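Let's walk through this one chain by chain, starting with burial and then working out to overall shape. Keep the viewer open as you read.

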Amino acid sequence: MRVKMDISSSELSQFDFACMAVMRNIGAGTKKATIAACEEILDMSRAQVPKDTWTMLSSAFYEVKRRSDVAGYSYQGIVGYGGNGDPVNPKTGKRASSYMVKLHEDMSAPHVNGKAKFLEDPVREYAEGKFYRTIFQYAAEAIAASNAMNAR
Amino acid sequence: MATLLIDIGTFLTANGVTTGDGVDLFRDFRPEDPDDVVVLHEYPGSPATPYDSIVHRSVQVAVRGIDADLVRAKALRIFELLTAENRIIEFTPDRWGQVYLRQPPFKMDTDARNRVVYAFNTGITTTKE
């Protein structure tokens, strides 16, 4: 049996160009997906964080940055507390970062209008129920955008 | 088979880390006295599935005492007791669990009476009971 293949260099270039376009769009989609995931986790966490003086809530933050230690389009999202200038609790005079671990971890202490594990629980819930949905949503958008561009 | 926290407590007492439930070992509650206590808290794990009796649960181990070095050493001892190459720990003859140690012991608090609390979190795959 023989197989004959005719490959045109111009078509190969077009294919190569199309693949690169898809990769670029996937890269942009990865960043959007990471931002969407961070925002959703932070929203869920804000609903659970104790709100006695609202200090911890106002220190909630997220940041997304491209990873330099990994090849390709890889982004890292950090969601946490103790940011936004690390506000001071008006009752205790302490900065949010100085008591956020205790507030998050101490399950014996009372939590006014909130609960312990206010970040861990949302992250776990998101990872189990919503992470794949976000990936598929933004990957599908990126591929659709590439297809539309290639069709032109 | 008792509840998960009772079974973990039985395991800790059998290994000489605690004296007994309600003495220096407490569940979901940290009393003011005595100073030296081990407290087990269960908090939300993964959602259960109707077709599987095995679930993923979350347990925090907290150790309180006056001497920070001793408290940390006790927390580390419990951490090591829950460490196995295949992650499987037999808490009692009726209860086993696959234990995922989420982090080594960390200092959680120093309370108003200058007592130090070290804690670490675990994920345990075991039965619903």
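In chain A, buried residues account for 33% of the 152 residues. A residue counts as buried here when its relative accessible area is under 20%. Keep in mind that this is a predicted model, so every value below is computed from predicted coordinates.

What is chain A built from? It has 5 helices and 2 strands, and if you follow the sequence you meet them in the order α-α-β-β-α-α-α. The radius of gyration of chain A is 23 Å, while the globule rule gives 15 Å for 152 residues, so chain A is more spread out than a compact globule. You can also look at the box that its C-alpha atoms fill: roughly 80 × 30 × 30 Å along the principal axes.

How do the contacts in chain A split by sequence separation? Take the pairs at least 6 apart in sequence: 60% of those contacts join residues at least 24 apart. On the outside, chain A has an accessible surface of about 9500 Å², with 58% of that belonging to carbon and sulfur atoms. As for charge, chain A carries 20 positive and 17 negative side chains, and the centres of these two sets sit 2 Å apart.

Now turn to chain B. Its secondary structure comes to 2 helices and 7 strands, and along the sequence the pattern reads α-β-β-β-α-β-β-β-β. Of the 129 residues in chain B, 47% are buried.

What does the globule rule say about chain B? For 129 residues, a compact globule would have a radius of gyration near 14 Å, and chain B has 14 Å, which agrees. The C-alpha atoms of chain B fill a box of roughly 50 × 25 × 25 Å, again taken along the principal axes.

The contact picture for chain B can be read in the familiar way. Among contacts with a separation of 6 or more, 57% are between residues 24 or more positions apart. The accessible surface of chain B is about 6400 Å², and carbon and sulfur atoms own 53% of it.

That leaves the charges on chain B. There are 14 positive and 19 negative side chains in chain B, and the centres of the two sets lie 3 Å apart.

Technical notes:
Residues numbered from 1 in each chain as written. Chains lettered and ligands numbered in written order. Predicted model: local features only at pLDDT ≥ 70, side-chain atom pairs only at ≥ 80, totals over all residues. Heavy atoms only, no water. Helix = DSSP H or I, 4+ residues; strand = E, 2+ residues; numbered from the N terminus. Rg over C-alpha atoms; globule rule 2.2 N^0.38 Å. Buried < 20%, exposed > 50% of the residue type's maximum accessible area, 1.4 Å probe, protein only. Contact = heavy atoms within 4.5 Å. Areas by Shrake-Rupley, 256 points an atom, 1.4 Å probe, with all protein chains shown as cover. Lys, Arg positive; Asp, Glu negative; His and termini not counted. Charge placed at Lys NZ, Arg CZ, Asp CG, Glu CD.
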